[in-house]
Every structure is written in structure tokens, then in C-alpha cells.
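Colleague: I am new to reading models like this one. May I ask you how each label is earned?

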Amino acid sequence: MNKEGQVRIPSGCAISGIFAKDGRNISGEVISNSMTVMHDRSNGLGGGFAGYGIYPQYKELYAFHIFYDSARAREECEKYLEGKFEIANMSKIPVRPSDAIKDAPLIWRYFVLPNHNTLADSLLDEKEYVARAVIEINTKLQGSYVFSSGKNMGVFKAVGFPEDVGAFYRLEEYEGYSWTAHGRYPTNTPGWWGGAHPFALLEYSIVHNGEISSYDANRRFIEMFGYKCTLLTDTEVITYIIDYLVRKCNLTLEETAKVIAAPFWSTISKKSEEEKRHLTYLRTNFSSLLVTGPFSILLGFEGGMMALNDRLKLRSMVAAEKGKMFYVASEECAIRQMEPSLDKIWSPMGGQPVIVKLDNLDNKED
Amino acid sequence: MNTINAGNMNYCELNELVRGNAGDIEINGCLGQRYIGAGQNGKTITINGVAGNAVGAYLDGAVINVNGNVQDAAGDTMNAGKIIVHGNAGDAVGYAMRGGEIYIRDSAGYRSGIHMKAYKDNFPTVVIGGGCGSFLGEYQAGGLIIVLGLGLESGRAVGNFPGTGMHGGKIILRGDYAGLEVPPQVKLDRTCEGDMETAAKYIKSYCDYFGADYAAVMAGEFWRMTPNSTNPYKQLYVQN
């Protein structure tokens, strides 16, 4: 079968998210159901979910979700993992086989911590150590693909319609305070399991509806910092940009949004002197990370979620609130499916991030 | 009048029921089904719930009443008839609209009235009661867009870049728009009597549909945006 990058297919996608600011548990079934009303935005070539707070029993450990093409790939990858990590628990991810989901790879889950001595010898901080291991597996070990690598969170994705993917992974058996979802309608590449959304590295996960025209410019820049875009699909690069700007450069999420969806110079020129200086700094210093073309994205991270549209707002996105609950989706109907009666519903402006966080989170951003 | 409970019904099935029904019809529990009322004439369709994308696309004379919000591209390429929304509209309301009237009680999204056009007796009109997003009237070629700015807490009712690519038709804005940034090909000035004569009819309808105070609405200040010549972009790409 042709994989990403070998074929170009001329598209829509659907995204949906739910977040409990009070940290209450939401079943994965809720987010899966929200996707059913946007069925026609996908074409069955990719669906996926990211849940946060779903592994409380292992919340201090990195949860690796890995696709294997073969038992041999698994053997090779496990050998690699054993050399770098203490593996506290490993198992197949439970699935519910169905006619709707075909050609499943081997899907395994590992709860790991970096091996103490190896980590110390590497002179890297823990997250960088883990990120490099993930990138190494994905680029060097044939037939192994780590698609989720954060703590107390997990990505579940496949080729299929999102609601079928949710049933396949038995999402009703997981509970978390935050969920994002994606239904894929691939535009440039054929759908395969690794190419489904969300794309995740460490705690960051991205679902994306759109098409990034700056992909190659962004890729060339980000690959200078050790990231490798292995999937030739545009969403992957956004995940690395976020990881780079937030984890490595310590930008706030608001600043990150101003880099990837930078305001026009004409808009900047109308701001106050201080704001003008700040925005000009961000646009100039990170000019290669401006993401152009239509997008609406949801970024999941530990304790929060960010929704962002491109600055021209070329994709639809609606946000809503009800008490401590936050909802966001490509279409209002997906939100109403989750909660028919809302306190507030609005369409965020292009380039203006909507950021929600857990109430009791130590807020180092502000 | 016949009633349909939409719920999770597929949009094809729902639209077949609407098409097959000769008289007026009411849809309850609508949850994002697309293309409702597409191409319909000679009936009134009442939608309770959220109407999906492109409600009233190619509408040809039917009246669609929505008790709720509409998603993107309501009235896409509609020819005639009315869409009356007791709520908000998503992006691109009145997309490439060629005739008929759309009334949005509250606010509308980005690119309201994009590519609207008029021809002879076909004169499309969109009335937005609250505010709207950026790129209002983008590439507008004809017809009338009215933004009333009612119920806004502060600021202007239009976002950035109104009238981008506008080359025909008219936008009327209620409120103080002195100094609003518009493209060089678009002229911004106060309305004249002739403008308001045409607009009054639509504003009256808006007030009747949604119970607004007509006298109070008309007492506001009105500005207009129009292309500043008959061929404002003649030298944009090549001399023609």
C-alpha cells in the first residue's frame, strides 16, 4: 500500500473537544458520540482521540502507545526500550474487533520511566531524553511507531470513521478530564494508522482540520532542532512546533499562538507601542514558524486545552461553556450532542486562542 | 402541517422527507443536518434546533424559519425566498446569494455576504441584527448587507477587513463608523435618503420578525460602504 507522501489526494475534517475545569471524569464515550453528528466531514480514512487524566494509577510514568507492523518489529523495539527505560507494565491495548476497522497493526502499551543511570549519563533532562527516544524509534526502527508518549494521557487512533475508532478502542472504559477528537478526510496523502490524528509528543497532542501551505518552510526550520518529520503530513509539524516553542523556548501558549497565527503587520501597526514591540519580536524571531493556510486546531496538554483558528479563519470552529465544562467543535451540532443546553456559545476570532485549564492547576503560564 | 423529528436522522433522509412534503413542514430536534430545504419553493419550513451547513442552499422561494442557530453557509447560492434565524449564524452566511432575504436576529460569523451578486430583479439582502466577524461582504458584487449592531456591549459591529475585494452592491452599518479602515477601492460615507428608503423596508421586516423597536433602530446613525468606481480593480493584475 502507498503511504503518506507517495500519493496526493485532493478535501474536510472534523474536530471536537471537551474539558472539565473542575477535573471531573468524562467517559471517552461522550467525545466519541459527539463525532457521530459530523460523520460526513470524514471519509473513513482516519479517526482518533486523545484523553487526559486517563491513567491515574500510573500517572508518574510515561505511557507509550506503539503500533507494530510485525512481531519481529515488537521484539526489536522492546529490546530498545529495555535499554533505555524501566518498564513497569506492558500489555496489548484492549480492542473490540469489528468489520469497520480493518488491517489493524499490533497495538501495545507500555508504562515506563527512563533508566536512572542511562538518563544521568545522557546529560539530558528527562523530557528531552524521552522525546529523543520516541523520535529515534519512529525514524530508525522499521515497523515500530510510537503514537503516544505522555504521562497520564493517551492517544487512540486508527483508519476508520471516528465513532468506529472509539468503539474499537473501547473508549467507554476510559475516563479523563479532557478529550479531543478528530475525523479525517485526508487531502494530500492516503490514510494510514500512523497518519491519523491526534499527533502527539510527550504530553502535547494536536488534532487539526485544514491544510498547511507553509509545511515545508516549517519542517526545514524545526528539523534543525532534532525533530524529524517522518509522516509527510502537515499536522505532525504543528506538534513539534508547539513542543519546541512551549517546552524548549518557554513561550506561553498565548505567545505560541501569536507565532503560529501571527497577526498581519497592518493589524500590529494599530496596537499600543508595548504590544507592537512584543508582537514584532515574536513575528521576527520565529518567522519560520508562522503557519499559513487554513487550520483549526485543538492542542491538548497536561491540565489544559487550547483551541486556535488560522488568522483568516478559513475553517469553522465553535466554542461553548456550561458551568465548569468547556466544549469546542468544528460544528455547533457536535457540542449540542454533548450538551443540549449551554450557558454560552461563540465563534472565536481567527488567530485568537481559547485556553482552558484545570482550576486547581499550579499556573506557571501567567 | 407535518412534523419530523430529526434527532440523529441522516441528512439525505431528512431532505427527502422535506422535498416529498407538498405543504408546510416542521422539523424538531434538528442536530446539524445539512442542506435543509435546498432548492425548495412554495412552502414554509420551520426548524427547531441547530440547522446544519448550507441550510436553504439554492432556495427558490420557500420560507425557512429557524428557532435556533444556523451553522456555516446558510442560504448558499439562494435564488429567492426567506431565511429567518432566531439566533446566530456561522461563517459565510449568504454565500454567493443571488436573490431573496436572510434575517439573522443576533450575530453572524466571518465572511458574511461573501460573493453576493444581483441581476435585474434579483436583489439579495442580508440583515444581521448584532455584529459579525471579519471580511464582511468579501468580493461582494451586488445586493445589500445591513448590520445593525444591536445589543453589543461595546465596539463596532464589524471585524477586520470589511469590504475586501468588494466591487458592487452596498453595505449599510448602523452606528458611528467614522474612520473605519476600508480598502482603497471602497468608499465609506454617511447614508443618504435613497439608501435608507431601500433599507427601511428590510429593517422593518427585521423588527417585525424579532420584535425590535423600529423607531429606535431607525433613529441610529447609518454609514454605507460602496465600491468607489464601476471597475475598482482594473489595474490589480493587468490593465484591462
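Modeller: Start with one term. A strand here is a DSSP run of E, at least two residues long, and strands are numbered from the N terminus. Ala54(B) sits in the loop between strand 3 (44-50) and strand 4 of chain B. Keep in mind that this is a predicted model.

Colleague: Why does Ala54(B) count as buried?

Modeller: Count its neighbours. Ala54(B) has 24 C-beta neighbours inside 10 Å. The cut-off for buried is 20 or more. Ala54(B) therefore counts as buried.

Colleague: What is notable about phi of Ala54(B)?

Modeller: Phi of Ala54(B) is positive, about 55°, although the residue is not a glycine. Most residues other than glycine have a negative phi. Tyr58(B) also has a positive phi, near 55°, and is not a glycine. Tyr58(B) lies in the loop between strand 3 and strand 4 of chain B.

Colleague: What makes Tyr58(B) partly exposed?

Modeller: Tyr58(B) has 17 other C-beta atoms within 10 Å. Buried needs 20 or more, and exposed needs 12 or fewer. The count of 17 falls in between, so Tyr58(B) is partly exposed.

Colleague: Why is Gly61(B) called partly exposed?

Modeller: By the same kind of count. Gly61(B) has 16 other C-beta atoms within 10 Å, so it is partly exposed. Gly61(B) lies in strand 4 (residues 60-67) of chain B. Leaving out residues up to four places away in sequence, Gly61(B) touches Asn41(B), Gly42(B), Ala80(B) and Gly81(B).

Colleague: How do you know whether the radius of gyration of chain B agrees with a compact globule?

Modeller: Compare two values. A compact globule of 240 residues would have a radius of gyration near 18 Å. Chain B has 18 Å, so the two agree. Buried residues make up 52% of chain B. Its secondary structure comes to three helices and eleven strands.

Colleague: Let us turn to chain A. Why is helix 7 of chain A called oblique to helix 8 of chain A?

Modeller: Helix 7 (residues 234-248) and helix 8 (residues 253-260) of chain A pack at about 135°, with their axes 10 Å apart. Roughly perpendicular ends at 115 degrees, and roughly antiparallel needs over 145. The angle fits neither class, so helix 7 of chain A is oblique to helix 8 of chain A. Their crossing is right-handed.

Colleague: Which classes of residue make up the contact of helix 7 of chain A with helix 8 of chain A?

Modeller: Seven are nonpolar, one is polar and none is charged. Among them are Ile241(A) of helix 7 and Leu253(A) of helix 8.

Colleague: What makes helix 6 of chain A oblique to helix 7 of chain A?

Modeller: The axes of helix 6 (residues 215-222) and helix 7 of chain A cross at roughly 45° and come within 10 Å. Roughly parallel needs under 35 degrees, and roughly perpendicular starts at 65. The angle lies between those limits, so helix 6 of chain A is oblique to helix 7 of chain A. This crossing is left-handed. The contact has six nonpolar, one polar and two charged residues.

Colleague: What makes the bond from His197(A) to Pro198(A) cis?

Modeller: Its omega is near 0°. Most peptide bonds are trans. Pro198(A) is in the loop between strand 10 (178-183) and strand 11 (199-201) of chain A.

Key
Residues numbered from 1 in each chain as written. Chains lettered and ligands numbered in written order. Predicted model: local features only at pLDDT ≥ 70, side-chain atom pairs only at ≥ 80, totals over all residues. Axes fitted to C-alpha atoms, helices over the stretch in contact; angles between N-to-C directions. Helix = DSSP H or I, 4+ residues; strand = E, 2+ residues; numbered from the N terminus. Left-handed = near helix turned anticlockwise from the far one by under 90°. Contact = placed C-beta atoms within 7 Å. Nonpolar A, V, L, I, M, F, W, Y, C, P; charged D, E, K, R; others polar. Rg over C-alpha atoms; globule rule 2.2 N^0.38 Å.
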